[in-house]
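Let's take a walk through the hollows of a protein and see what surrounds them. Have a look at the picture first, then read on.

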Amino acid sequence: MTTFKLFNMKKLVLLSMLFFAVSAMQAQEIKVGAHVGIPVGDSSDGSNFDLGADVAYLFSPVEMLQFGPMIGFSHYFTEEIDYDGMASVDPPDASFLPIAASGRVSLGDAVFVGADLGYAVGLSDGNDGGFYYRPKLGFDLLGLWVVGSYEGISMDGGSVSSVNVGLEFGF
């Protein structure tokens with residue numbers, strides 16, 4: 001009798017896992033976004049704006065939660081720095097390839113909060129990259145999402161960060 005109950009319990013657990021996996025696989029969405037940002041903190045001294053884009057493949061195991069992998073590109077444009085009459089310096093632009101886990105929670109039909117956490121690979125000379133984080137707040141605007149975010153990349157010897165606004169759509 002005990003073997004019979006154990007066998008039924010295993011079947012129930014396996015069927016539950018299968019149902020969860022099939023449900024999660026059916027609720028998938030690709031999100032594509034682009035943003036423009038104003039550098040803040042350390043990066044505001046030599047950079048005047050940031051442009052970026054990203055793609056995320058999000059799973060939705062329950063209706064209000066989405067998570068999945070994200071990859072992007074972020075480019076900080078630098079400006080010439082003048083040192084009080086001395087020779088001016090034109091530092092190189094900084095480019096990054098963020099690779100992260102993305103997650104978000106819906107706060108109704110038209111608002112979400114979320115974050116991306118991972119590593120930003122440095123693509124420009126002398127740029128090794130660093131820890132990447134990006135908290136987000138999004139609002140639905142007629143099927144197109146307006147996303148506000150703070151992007152930060154912590155590196156040895158400093159950080160690069162910006163306050164951003166962008167657009168995102170899903171399919």
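How do the residues of the lining of the second largest pocket divide into nonpolar, polar and charged? They come to 4 nonpolar, 3 polar and 5 charged. In this sorting, Ala, Val, Leu, Ile, Met, Phe, Trp, Tyr, Cys and Pro are nonpolar, Asp, Glu, Lys and Arg are charged, and the others, Gly among them, are polar.

Before going further, keep in mind that this is a predicted model, where local features need pLDDT of at least 70, side-chain atom pairs count only at pLDDT 80 or more, and totals for chains, interfaces and linings use all residues. Residues are numbered from 1 along each chain as its sequence is written, and side-chain values use heavy atoms, with hydrogens and water left out.

**The overall build**

The chain has 1 helix and 8 strands, in the order α-β-β-β-β-β-β-β-β along the sequence. Helices (H or I, at least four residues) and strands (E, at least two) are DSSP runs, numbered from the N terminus. Out of 171 residues, 33% are buried, that is, under 20% relative accessible area with a 1.4 Å probe, protein chains only.

**The core**

Which residues make up the largest nonpolar core? There are 11 of them: Ala56, Leu58, Met70, Tyr76, Ala94, Phe96, Ala100, Ala120, Tyr132, Ile153 and Val160. Such a core is a set of buried Ala, Val, Leu, Ile, Met, Phe, Trp, Tyr and Cys residues joined through side-chain atoms within 4.5 Å. β4 gives the most to this core, with 3 residues. As a general point, nonpolar side chains tend to be buried together in soluble globular proteins. Take Ala120: beyond its neighbours within four places in sequence, Ala120 is in contact (heavy atoms within 4.5 Å) with Phe96, Leu97, Pro98, Gly129, Gly130, Tyr132 and Ile153.

**The hollows**

Here are the pockets and cavities side by side.

| Hollow | Volume | Lining by class |
|---|---|---|
| Largest pocket | about 440 Å³ | 7 nonpolar, 10 polar, 6 charged |
| Second largest pocket | about 210 Å³ | 4 nonpolar, 3 polar, 5 charged |
| Largest cavity | about 60 Å³ | 3 nonpolar, 3 polar, 4 charged |
| Second largest cavity | about 40 Å³ | 5 nonpolar, 3 polar, 3 charged |

On a 1 Å grid over the protein atoms alone, a cavity is a set of points where a 1.4 Å probe fits but cannot get out, while a pocket is an open set with protein on both sides within 12 Å along at least five of seven lines; lining residues have an atom within 4 Å of a point. Points are joined across faces, edges and corners, and the volume is the space filled by probe spheres set on them.

The largest pocket has 23 lining residues, and Ser43, Ala94, Met155, Ser159 and Val160 are the closest to its centre. β8 (158–170) provides the largest share of this lining, 3 residues. Around the second largest pocket you'll find Glu29, Lys31 and Trp145, among others. Here β1 (28–40), β4 (94–106) and β5 (111–122) each give two or more residues.

The whole structure holds 2 cavities of 30 Å³ or more. Residues lining the largest cavity include His35, Asp54 and Arg134, and the lining of the second largest cavity also includes His35, Asp54 and Arg134. For the second largest cavity, β3 (65–78) brings the largest share of the lining, 4 residues.

Notes: Buried < 20%, exposed > 50% of the residue type's maximum accessible area, 1.4 Å probe, protein only.
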